[in-house]
Amino acid sequence: MTQQTQSSNLLKRVGLTLLILIIYMLGCTIPVPLTRISSIYREVLANSSVGIMSFMSGSNLQRLSLFMVGLNPLMIAMMIVQLLMMLRLFYFDTLSTNQVMRFQQWLTLILAVIQSLAVTLGLHITKTLLDSLAVTLMLTAGSLFVVWLGNINMKFGIGGTITIILFNIISGSFPSLIRSVKLLSQQRYGIIMVVLAGIVGCIILVFWIAFNRAYYPIKMVDTMMSSHDKPIILPLGLNMGAMMTYMVGMSLLMVPTLLINVLGPRSIWANPYFNMAVSGGLAFILFYFFTFVQFDPKEQAKTMLHNNNYIIGIRPGEPTKKYLQQVVLHVSFIGALLNAIQLSFGLLGSQILGKFAGLAIIPMNMIMIVMFMQGIKDQLLMLLFPLRYVHLMKDE
């Protein structure tokens, strides 16, 4: 009876997630009333990477739909909340979980209004001021509805907002990838180049799967255990800050590209190599930021002190915190560098590769799919654990 209930619960979660994805897919096809595809809108999508960046950050600016703003306001709100908690500004770290979530919800609403207004006015998709206000309200409502879908999926489905973003990435990048592969196959020795691109893609996929699981072992000693016992391993992931850098930081990485439309084609921001360097630098900093958010040396040192644990050769308390800070800075360097290169090339490679732009986003898509699928897999394993436990009990 218990096994049947658990299986039914899993099927309900999977069914709800599929229903949410269907609703999201339908919402992305519903055009926004009172809008038009302006010349500026076409130019931005054709000559910049805003479209690519948008569907990777939870929105979908490639279509004039009700869900075009999507989860992007939530992603930025999450980053601001984490920054406030990390820096302990305005005593933010003293707030309860409910107060933090309420603040994040209001911040998401404000950002949804701002982004909807910016999209409406910045891309000139309306004709009159009244139409702009109406479209802003519709886009805000659509964004909040997508956020609500993500929250429902987090509580009763599988993967939360990650599932929606992953669906967005696959559905948004595949058409461009297929076009690029067809163009490449039509070139001289095109079939050979397509095969080589596939091999390189598989190598990159295997590397990122392995790198995403790699960690630096910090050896700790528990004073409550026997001196003959082996040290406890505290794993420090080499690619710990990548997921949040791709999910949340993508909104900030859109800034250099958007500056081109504001400052004009003659500005230094229009230079793709300069733009790539700035985006890479931002991604490098964001990787370290989110690594420290997930692995706070001060909190780790405090926890170790309370649990009577210490690192071999390092005194507890402040020395442990400083040691962990140095370890994080050194261990995370390769991950920050690799992710910065992948992100900057994936976002701005379209300006360099031209009609083969779809090939530039292959490595970045692979990284995001690997990380997001791992998060979904972890949740599925947690849901399947009771079923496996029942089977083990029966075998005994």
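This passage describes the fold, the nonpolar cores, the aromatic pairs and a surface patch of one protein chain, as seen in a predicted model.

Residues are numbered from 1 along each chain as its sequence is written, and side-chain values use heavy atoms, with hydrogens and water left out. Because the model is predicted, local features need pLDDT of at least 70 and side-chain atom pairs count only at pLDDT 80 or more, whereas totals for chains, interfaces and linings use all residues.

The chain contains 16 helices and three strands (DSSP runs numbered from the N terminus: H or I of at least four residues for helices, E of at least two for strands). Of its 396 residues, 44% are buried; here buried means under 20% relative accessible area, exposed over 50%, and partly exposed in between, with a 1.4 Å probe and protein chains only. About 21100 Å² of the chain is exposed, and carbon and sulfur atoms supply 69% of that area (Shrake-Rupley method, 1.4 Å probe; for residues, only the protein chains shown count as cover). Among contacts (heavy atoms within 4.5 Å) with a separation of 6 or more, 74% are between residues 24 or more positions apart.

Turning to the interior, the largest nonpolar core has 53 residues, and those with the most contacts inside it are Leu71, Ile218, Leu236, Tyr246, Phe295 and Phe372. Such a core is a set of buried Ala, Val, Leu, Ile, Met, Phe, Trp, Tyr and Cys residues joined through side-chain atoms within 4.5 Å. Helix 11 (residues 272-294) gives this core its largest share, seven residues. Apart from this core lies another of eleven residues, including Tyr41, Val69, Leu123 and Val135. In soluble globular proteins, nonpolar side chains tend to be buried together.

Two residues give a closer view of the contacts. Leaving aside residues up to four places away in sequence, isoleucine 218 touches Ile232, Ile233, Leu234, Leu236, Phe295, Ile311, Leu324 and Val327. Threonine 320 sits in helix 13 (residues 318-331) and is buried, with a relative accessible area of 2%. With the same sequence neighbours left out, threonine 320 touches Ala301, Met304, Ile311, Ile314 and Arg315.

The structure also holds ten aromatic pairs, in which ring centres of Phe, Tyr or Trp (its six-membered ring) lie within 6.5 Å; planes under 30 degrees apart count as stacked, over 60 as edge-to-face and the rest as tilted. Tyrosine 24 and phenylalanine 67 are stacked because their ring centres are 5.8 Å apart and their planes lie at 15°. This pair links distant parts of the chain, 43 residues apart: tyrosine 24 belongs to helix 1 (residues 2-27), and phenylalanine 67 to the loop between helix 3 (50-56) and helix 4 (72-87). Tyrosine 24 is buried at 1% relative accessible area, and phenylalanine 67 is buried at 6%. Ring pairs join Tyr24 and Phe67 with Phe145, Trp148 and Phe167 in a cluster.

Phenylalanine 207 and phenylalanine 211 also form a stacked pair, with centres 5.6 Å apart and planes at 10°. These two lie about one helical turn apart, because they are four residues apart in helix 8. Phenylalanine 207 is partly exposed at 39% relative accessibility, whereas phenylalanine 211 is buried at 9%.

Helix 8 (residues 190-213) also carries isoleucine 199, which is partly exposed with a relative accessible area of 44%. On the surface, Ile199 joins Tyr189, Ile191, Ile192, Met193, Val195, Leu196 and Ile203 in a nonpolar patch with about 800 Å² of accessible area together. Patches are made of residues with over 30% relative accessible area and no salt bridge, with nonpolar side chains (Val, Leu, Ile, Met, Phe, Trp, Tyr) joined within 5 Å and like charges within 9 Å; a salt bridge is a side-chain nitrogen of Lys or Arg within 4 Å of a carboxyl oxygen of Asp or Glu.
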